[in-house]
Every structure is written in C-alpha cells, then in structure tokens.
Amino acid sequence: MTTKRTKPMRFQERDSQIITAIHTYDGVLARRHLKEMFWPEASQQAMERRLSILRHNDYLEWPSKDQRRVHAIPEPVVWLGWRGALHLASTLNLLVEEPVKVGENQLRKLARNLRDKGVRWQREPRWSQLAHDLGVVDFRLAVERSVAQWPPLELETWLPEGEFLTDTDRISFTFADRHGKLVEKRRGVRPDSFFIIRDHLRPIKGAPARARFLLEFDNSTHPLDRFGKEKALAGLAYVRSEAYKARFGYNSGRWLVVCVSQARLENLKAQTEKVLEKEVRHFNFTTLQQVLSSDVLSAPIWVRGGFDKREPLIRNISGSRR
C-alpha cells in the first residue's frame with residue numbers, strides 16, 4: 001500500500017545511499033541496521049524524521065497496521081517503496097517506465113519490468129523468514145566490520161540469497177535411505193549468501209589468496225532430522241558440481257552454519273557428521289551470539305565438523321589490526 005505525497009522533501013545523497021543499501025542487503029533492513037550505517041552518532045529521532053519523509057514520498061515502506069496484525073514481526077523493518085525502486089533503477093542507468101497510476105496492477109508491472117532488467121525489487125519482506133533474513137544481515141555486517149579491521153583483507157564478493165532465488169543452480173546427489181538403498185535426488189541449492197575474502201599478502205608466502213564461503217543461517221525452523229540429507233549432502237555436492245564451477249570458476253568453498261543456540265549447533269553438527277562422515281570437514285559451525293560478540297574472522301569461535309576445538313575462520317591473518 002502506497003501513501004500520498006504529503007511531506008515536501010529535497011532528495012539528498014544520503015537518501016540515495018539508503019536506497020542502495022537496502023537493495024544491496026537483499027531488500028529489507030531493520031531500523032537498527034540503518035542507524036548503524038547512516039546515523040551512528042545522531043539521535044534515533046533524527047533518523048526517524050528522515051525515514052518518515054522518505055516513506056511519505058514512497059521511497060521507503062514499513063509494516064502497515066494490517067501487516068503488523070497478521071504477521072509476527074520481530075523488530076521494526078524498512079524496505080523499498082515504488083519510488084525507491086525507480087530511483088535504484090536510475091542509479092543503474094536503467095530506463096524503467098514510471099507507473100501512470102499507482103495501483104496493485106501497476107506495481108506488479110513495475111516489479112516485472114525491473115526483474116526483466118536484472119533488478120529484484122522485494123515489495124515486502126518474506127514474513128515467515130523475516131527473523132532469518134535479518135540474522136543474515138547481522139552476519140554480513142559482522143564480516144564487513146572484521147574485514148575493515150585487517151588491512152590485508154578485502155571482501156571481494158558478496159552474493160545475497162536473492163541472487164540464488166532468481167537464478168537457482170540444480171544439482172543431483174545420492175544418499176542412503178533408511179533401508180540402506182542408494183537414492184538419487186535432484187534439488188536446487190540456495191545458500192543464504194556466498195562470499196569471497198581475499199588476503200593480499202598470502203600470495204607472497206605462496207598461499208592461496210582467496211577463501212570462498214557459503215552461508216547457512218539456521219533459525220531453528222528446519223526439521224532437525226532432515227538437515228544432514230537435505231542441507232549438508234546437497235551443499236557438499238553443490239560445491240563439487242559443474243554448476244558451481246561454471247558459476248564461480250572453482251570447486252572450492254566452505255559452508256558456514258550459524259545457529260541461534262549452542263544446543264542447536266551441537267545437534268546440527270552431529271547430524272552433519274553422521275551423514276557426511278570424513279567429508280564433514282567442509283562445514284564450520286558457530287552461534288549468532290558468538291558472531292556478534294567477537295571478531296568473526298580471527299576469533300576462535302568456529303568448530304569444524306569432526307573436531308571439537310574452536311578455531312578462527314581465517315588463521316594467521318598477516319599484518320596487524322587497525
């Protein structure tokens with residue numbers, strides 16, 4: 001539902017940055033994310049005033065009364081309104097026709113036109129996965145903060161889940177059913193994110209410069225007894241598949257499983273070890289609490305499959321911290 005333009009405004013460079021950030025972080029951000037990014041030193045009221053102006057002019061949207069009544073919304077969130085989507089297209093030098101009359105049919109047409117040009121406009125959150133999606137943003141921001149602390153490191157690539165939703169790779173893999181019979185299954189694999197960290201000093205020592213990671217953010221909603229076969233087996237097969245190599249150029253990558261509790265971590269790790277056996281070393285586990293309270297790359301908060309000792313995600317980072 002859009003609103004009438006009731007508040008005059010002068011569009012600012014920061015407004016454009018906010019719109020770009022919401023799109024970059026896969027379409028939905030919590031207000032606290034925006035506060036951290038754009039108003040770290042300002043008051044909450046200053047942020048709210050600007051967001052309100054952007055919302056009344058249809059650059060941003062947030063939950064309506066009806067949506068708050070119907071959906072379980074864990075915290076205040078913001079996404080792009082139709083003018084925000086149009087502005088985003090303009091920053092990408094895309095020509096997209098503005099709706100003649102703002103109504104449901106016109107907004108659906110706008111979303112299709114944007115999608116045809118390679119821009120995914122999330123018209124509203126995925127309500128059933130909202131807590132999950134905000135947790136993924138928390139993890140990404142933690143990685144960005146860590147990279148910023150280590151001069152040799154660069155976050156070279158980050159592909160959010162939205163990239164895989166619009167272009168999902170499908171792979172085949174086999175597993176033993178409860179009777180011990182090998183069963184072949186085909187399914188699409190959609191990491192919650194894929195990212196590459198580059199260490200510019202490692203090649204000097206003859207070590208690989210890039211580390212590739214696939215994120216599985218577990219919000220305790222997936223059935224525990226199916227994680228091993230439906231997530232771990234498929235995830236490992238994906239990294240080794242031709243589809244993965246065609247997309248990323250290599251068959252290398254580690255899965256990072258971030259859990260909301262230590263008990264969940266232990267259960268998922270045990271499930272993965274049972275199904276993958278020796279190949280479980282390609283999976284690392286931690287909790288969201290540890291991610292948010294430590295340096296996610298250099299602190300010993302990760303447990304590799306098959307081991308009990310906690311270790312850093314990236315060992316022996318060259319140079320000193322900023």
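Q: How exposed is the side chain of Arg-123, and how should I read such a value?
A: Accessibility is sorted into three classes, buried being under 20% relative accessible area, exposed over 50% and partly exposed in between, with a 1.4 Å probe and protein chains only. Arg-123 has a relative accessibility of 29% and therefore counts as partly exposed, and Glu-104, at 42%, is likewise partly exposed. The model is predicted, so that local features need pLDDT of at least 70 and side-chain atom pairs count only at pLDDT 80 or more, while totals for chains, interfaces and linings use all residues. Residues are numbered from 1 along each chain as its sequence is written, and side-chain values use heavy atoms, with hydrogens and water left out.

Q: What kind of contact does Arg-123 make with Glu-104, and where do the two residues lie?
A: The contact is a salt bridge, which requires a side-chain nitrogen of Lys or Arg within 4 Å of a carboxyl oxygen of Asp or Glu. In this pair the closest N and O atoms of Arg-123 and Glu-104 are 3.0 Å apart. Arg-123 sits in the loop between helix H6 (104–116) and helix H7 (130–149), whereas Glu-104 belongs to helix H6, so that the pair links distant parts of the chain, 19 residues apart. The helices (H or I, at least four residues) and strands (E, at least two) are DSSP runs numbered from the N terminus.

Q: How many salt bridges are there in the structure, and what does the one between Glu-48 and Arg-31 tie together?
A: The structure holds 27 salt bridges. One of them joins the side chains of Glu-48 and Arg-31, with 3.0 Å from N to O. Because Glu-48 lies in helix H3 (residues 44–56) and Arg-31 in helix H2 (residues 31–38), this pair ties together parts that are 17 residues apart in sequence. Glu-48 is partly exposed at 26% relative accessible area, whereas Arg-31 is buried at 13%.

Q: Where do Lys-269 and Glu-273 lie relative to each other?
A: Both residues lie in helix H11 (residues 262–276), four residues apart, which is about one turn of the helix. Their closest N and O atoms are 2.7 Å apart in a salt bridge. Lys-269 is buried with a relative accessible area of 9%, while Glu-273, at 25%, counts as partly exposed. Elsewhere, salt bridges that share partners join Arg-32, Glu-75 and Asp-138 into one network.

Q: How should I read an aromatic pair, and how many does the structure hold?
A: A pair of aromatic rings is described by the distance of the centres and the angle of the planes. Rings of Phe, Tyr and Trp (its six-membered ring) pair if their centres lie within 6.5 Å, and planes under 30 degrees apart count as stacked, over 60 as edge-to-face and the rest as tilted. The structure holds 14 aromatic pairs. In one of them, the ring centres of Phe-139 and Trp-302 are 6.5 Å apart and the planes stand at 90 degrees, so this pair is edge-to-face. Since Phe-139 lies in helix H7 and Trp-302 in strand E11 (residues 302–304), the pair ties together parts that are 163 residues apart in sequence. Phe-139 and Trp-302 are both buried.

Q: Is the pair of Trp-255 and Phe-283 stacked or edge-to-face?
A: Trp-255 and Phe-283 are stacked, with 6.2 Å from centre to centre and 10 degrees between the planes. Trp-255 belongs to strand E9 (residues 254–259) and Phe-283 to strand E10 (residues 283–287), so the pair ties together parts that are 28 residues apart in sequence. Trp-255 is buried at 5% relative accessible area, and Phe-283 is buried at 2%.
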